[in-house]
Amino acid sequence: MRNTLLFPILTAATVCAAPAGAADLARKAPEAPRAVFDWSGFYIGAHFSAVAGHSNWSSTPAGGSGSIDLFDAFQLFKGTGSYVIGLQAGYNWMLPSRWLIGIEADLNSPNTLGGNTLPSGTVGGHDHQALLGGTVRGRVGYAFGGWLPYVTAGFAWSYDRLRWPPDPALAQQETALLWRLGWAAGAGVDVPLSPAWSARAEYLATGFGSGTVSFPIAGQSVSSDVLTHAVRLGLNYRLGEDLTKSDVFTKGIDALELERFAVHGQSTFTWQYAPGFRSPYSGTNSLAPNQARETFDATLYIGAKLWDGAEFWVNPEINQGFGLSGTFGIASFPSAESYKVGANYPYARVPRYFVRQTLDLGGAVETVQGGPNQFAGKQSAERIVITAGKFSVGDIFDVNKYAHDPRVDFLNWGLADALTFDYAADAWAFTYGTAVEWYTGAWTVRGGVFDLPQTPNSTDLDSSFGQFQLIGELEHRHELWGLAGKVLVTGFLNRARLGNFTDAVRAAQATGTTPSIADVRRYTSKTGLSASLEQQLTADIGMFARAGFSSPNLETNAFTDSDRTVSAGLSLSGRMWGRADDTIGIGGLLNHISASRIAYLDAGGLTAIIGDGRLPNPGDEKVFEAYYSLPVYSWRLTADYQFVANPAFNRDRGPVHLIATRLRTQF
């Protein structure tokens, strides 16, 4: 299914338009009506853009020429399209006449902004992709009636990647990187939302003159220019005229929470290092010693109330970085901030956009704190909650407040979730689906149906929904000696094209080749069951535990290699040593795989995560993790240590000692 970029633009426009009602502003911020909004001073912000354009090119000595269309329609089941997410910062001078003069710089991360062509009369062609871009512009506007229309112009830059030929199967592929300098011009309008927040709609054109790159092996040079048109929707946060008097650096950004509109955000940087360890041999999917990797992400959580009990949320996000060894080498992988895909340059994604409908059934009224993907307000204890759209299965199922969020607590995959819970997901851990939750008394019953990837552990979801997952979960909340706790039991059924390890080994033995699980895939069922405990032990100590198993002979659909697992740990509040905002986490896990999976790996087979080329001395993966988290002004700094015995179930390699640090802020 292919859909144009009208889908994300219209949904974002709906969200940005939602708070425009004067009644909302009158209730939430009567002291700052739109007519007297102070536009002066420094500000920071973010924007979402839909982009189209073209690149005129010519090649020598091949003599080819043409034009590349830089527009790519939004593809629902890939998450790709010609959209850009960017960050901006600027300063405004407000004159007594209400005229405004400003300067602004932005940095833009595209999802997909490029294309390719095959020039006539040649065996190759070139592929053009924009990796990063930005502008530095002046602005002139006039503030009236709570609105600020403006025009803008200035310099633009772009960092592009060109490849010859576009398909590496045609010939040896060469890559060239090209800096471009050009111009930017456009117009827009800013609208205040609160004393600190404002919304923006903007049109911006950018143009770049001809630039040339060379491909020595092919003996070709390509010259090309670029012209783009972008429609932007953005949000800005005012810092004030004197940054030395702003508390944004010590207390952080204040979230925007209006009657029908909310904006929250977060940013997380994680660095992880694997020093040298025993490694007598290695394979394609082995963990490499003596390496460090980092990941970065920044997310906005934008929500609008649609009707009584209904909310729409969208989460534009920028991602960058890699897991250790490209997220290979340990089944209980040491960083859940690392996806199964990585990138050297920041790129845009929209991992979540969903509608949540809450049906109150009565009972006691509970206060709900506002936060990411959650409006502040009231809800009844007896209720039904329906969530539909694109989100993560882990947003709703197998939730444990002590061990579930790698941006806050444990980093290891096996402590954030039950490793055997092979939940539906693309390579970024998100999918389409619907979940229903029924809260009644001390019980909650959950069920959901979700789309599975087109092929196991791939970036694309199944557009036909022919491969799907059914999940059921039962939760019981309780108190033991006045201390809160809960128990979860979660089961799943996957209907998908999966390979059987025994079949793969037999097929390889018959042909004298290395087994490949992809060669024996067929439509089948995979099941699993897990249990989770969350229990407060004292006012300052909480514990968690999980155990699970899944179909032992089938490959992983979307998570990792595990047939049986058990994990447990503690979370300790710093109140015990006089630092109430600090947290210590201690946890461990055991990860086990079946004899058929061991035989497959020993024969040289590869899974989505592991494969050392052989496995003569198998053993369970054993992991210990400890972290210390403390506040640093508006950020949280975490130091993390992990010990992994038998990485990839291999007694011949390791053990591995891993260290990491994590820096995060949230509003």
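Begin by selecting S55, which lies in strand 1 (residues 41–60). The model on display is a predicted one. With a relative accessible area of 0%, S55 is buried. Display its side chain next: the side chain of S55 reaches the backbone oxygen of D225 at 2.7 Å. To see the surroundings, select the residues in contact with S55, leaving aside its neighbours within four places in sequence: G66, S67, I68, L70, H128, S224, D225 and V226.

Now turn to the nonpolar interior. Select F397, F421 and F450; of the 56 residues in the largest nonpolar core, these three touch the most other members. To trace the elements around them, colour strand 12 (261–274), helix 4 (413–416), strand 20 (483–499), helix 5, helix 6, strand 25 (621–632) and strand 27 (656–666), each of which supplies at least two residues of this core. Then select L235, V248, L258 and V314, which are included in a second, separate core of 30 residues.

The final stop is a pair of helices. Show helix 5 (residues 501–511) together with helix 6 (residues 595–602); the two pack at an angle of about 35°, and their axes are 8 Å apart. Their crossing is left-handed. For the contact itself, select F501, T502, A504 and V505 on helix 5, then S596, R597, A599 and Y600 on helix 6. Colouring the contact of helix 5 with helix 6 by residue class gives five nonpolar, two polar and one charged residues. Both helices also belong to the earlier part of the tour, as helix 5 and helix 6 each supply at least two residues of the largest nonpolar core.

Conventions. Residues numbered from 1 in each chain as written. Predicted model: local features only at pLDDT ≥ 70, side-chain atom pairs only at ≥ 80, totals over all residues. Heavy atoms only, no water. Axes fitted to C-alpha atoms, helices over the stretch in contact; angles between N-to-C directions. Helix = DSSP H or I, 4+ residues; strand = E, 2+ residues; numbered from the N terminus. Left-handed = near helix turned anticlockwise from the far one by under 90°. Contact = heavy atoms within 4.5 Å. Nonpolar A, V, L, I, M, F, W, Y, C, P; charged D, E, K, R; others polar. Core = buried A, V, L, I, M, F, W, Y, C linked by side-chain atoms within 4.5 Å. Buried < 20%, exposed > 50% of the residue type's maximum accessible area, 1.4 Å probe, protein only. Polar contact = N/O pair within 3.5 Å; in protein donor to acceptor, adjacent residues only side chain to side chain.
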